[in-house]
Amino acid sequence: MGLLAKLRIDGFLLGLFAAMGIGLLLPARGSAAGVLEWVTKVAIAVLFLLYGTRLEPREALAGLRHWRMHATVLASTYVLFPLLGLALRLLVPSVLTPELYTGVLYLCLLPSTVQSSIAFTSIARGNVAGAVVSASVSNLLGVFLTPLLVMLLMRTTGDATVSPASILEIVVQLLLPFLAGQLLRSKLRRVLAHTTLTKVVDRGSVYLVVYSAFSAGMVEHVWRGLALPRFLSVIAVAIAVLAVVLAVTTVAARLLGFDRADRIVVIFCGSKKSLATGLPMATVLFAGHPVGLIVLPLMIFHQIQLITCAALAGRWERTAARIDAAKITQPQ
C-alpha cells in the first residue's frame, strides 16, 4: 500500500480493474456460476449484518425520518434519469440503433443499486443509515415502478409481470440481516466493531459484484456481434448520462442544505442503476426481443458507475481521514 500511495494509485480502483480482468479471462460457468451467485449473496448478507451491528438504533430511526434526502434520491432515480433517457431518443439512428436506445432508456428506468451504493457510502464515511433506507426503498419501489414505466414509455411484447418473490428476496437478503445486526448489536458489537473487517467486507463485496457482472457478460456473449463504433457510442452515452446525474445530484444536495454525510448518500444512491435487478427483469419485460443488446448499455453503465464512484469514495475517504487527523493533532 505504501508503494501505491507513492505512485498515487487508488488500491480500491486497482482491485476493480483486477476483478474486471479476471471476469473477462476466467468467467464462472455452469456450477461455478451458481456457487459465485451464492457467495455474492452471502457476502452481501454479512455486509448488512455488519451495518446493523455498527449503527445505533437512533441513527437507523433518523435514517427513516430523513424524508427530504430520500425524496431527492427517488427524484433522481425515477424522474431525472427517465427524462434523460427520453431526451436521448434524438440520437436514434445516427448514434444509437433502436435496440441500443431501448437498452439506454431501460437502464434509466431501473432502481438504484443497494449493495454498492451502501458500500461506497460507508467507504466515503457518509450517512450509512440513510443509504440503507434510500437504496432499499428505491429497490422496493422499483419492483413496481420499473415495469410500469417500461409499459408506459416503451413498446414490448408479452406481459410485463414481476414476481412478488422479488420483494421477498430483497427482504431476506438485505433487511433481515440488517435487523439481525441491530438485535445482536450488544453481543457482537465489540467483536465486529473493527473497521478493518468492515472495510474488507465492503470492498470485497464490490469486487464480487464486478467480477460477477463481467463473468456473466462473457458467458452470455453480450460483447459479441456489435460494431466497434456503436460500442464506443454506448460507452460515450453512458459516461455522459452519469456525468449529468452526478453534477445534478451534487448541486441539488448543496442547494437543499444537506451536510457532507447526506450529500454522499444523494450522490451515490441517486446516480446508480441496479444490474442485479435489471438483468432478470429484462428477460421478462423484453421476451422475444434481443435481450443481449438491450442489456448491453446497462452492463456498460454499471461498470462505469462502479469505477467512477469507487474513485470518488476513495477520494472522500482520504479527505475524511485527513480531517480526522487534523482534529486529533489540534491543541485542546
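Start by selecting Arg125, which sits in the loop between helix 7 (115-123) and helix 8; helices here are DSSP runs of H or I with at least four residues, numbered from the N terminus. Arg125 counts as partly exposed because its relative accessibility is 40%, and the cut-offs are under 20% relative accessible area for buried, over 50% for exposed and partly exposed in between (1.4 Å probe, protein chains only). Check the backbone too: Arg125 has a positive phi of about 65 degrees, although it is not a glycine.

A word on what you have open: this is a predicted model, in which local features need pLDDT of at least 70, side-chain atom pairs count only at pLDDT 80 or more, and totals for chains, interfaces and linings use all residues. Residues are numbered from 1 along each chain as its sequence is written, and side-chain values use heavy atoms, with hydrogens and water left out.

**Along helix 8**

Next, pick Leu148, which belongs to helix 8 (residues 128-153). Is Leu148 buried or exposed, or partly so? Leu148 is partly exposed, because its relative accessible area is 41%. Now add Val137, Leu141, Leu145, Met151 and Leu152 to your selection: together with Leu148 they make a nonpolar patch on the surface, with about 500 Å² of accessible area. Accessible areas come from the Shrake-Rupley method with a 1.4 Å probe, and for residues only the protein chains shown count as cover. A patch takes residues with over 30% relative accessible area and no salt bridge, joining nonpolar side chains (Val, Leu, Ile, Met, Phe, Trp, Tyr) within 5 Å and like charges within 9 Å. A salt bridge, for that rule, is a side-chain nitrogen of Lys or Arg within 4 Å of a carboxyl oxygen of Asp or Glu. While you look at the spacing, remember that an α-helix has 3.6 residues a turn, so residues three or four places apart point the same way.

**A bend before helix 6**

Jump to Pro93, in the loop between helix 5 (67-87) and helix 6. Zoom in on the bond from Val92 to Pro93: this peptide bond is cis, with omega about 0 degrees. Then colour helix 6, where eight of the eleven residues are buried; among them are Leu100, Tyr101, Gly103 and Leu105.

**The cavity**

Where is there empty space inside? There is one cavity of 30 Å³ or more, and the largest cavity holds about 40 Å³. On a 1 Å grid over the protein atoms alone, a cavity is a set of points where a 1.4 Å probe fits but cannot get out, and lining residues have an atom within 4 Å of a point. Points are joined across faces, edges and corners, and the volume is the space filled by probe spheres set on them.

To see the lining, select Val104, Leu107, Cys108, Val234, Val237, Ala238, Val241 and Pro297. Helix 6 (98-108) and helix 12 (228-255) each supply at least two of the lining residues, with helix 12 giving the most, four. By class the lining has eight nonpolar, no polar and no charged residues, where Ala, Val, Leu, Ile, Met, Phe, Trp, Tyr, Cys and Pro are nonpolar, Asp, Glu, Lys and Arg are charged, and the others, Gly among them, are polar.

**Helix 12 to helix 13**

Stay in helix 12 and click Pro229, which counts as exposed because its relative accessibility is 56%. Draw a distance to Val95: the two C-alpha atoms are 8.8 Å apart, with their positions 134 residues apart along the chain.

Finally, show helix 13 (residues 260-270), which is largely enclosed by the rest of the structure because eight of its eleven residues are buried. Those include Asp262, Ile264 and Phe268. Arg263, also in helix 13, is partly exposed at 21% relative accessible area. Its C-alpha lies 8.9 Å from that of Ala252, eleven residues away in sequence.

Conventions
1 Å grid on protein atoms, 1.4 Å probe; cavity = no way out; pocket = protein on both sides within 12 Å on 5 of 7 lines; lining within 4 Å.
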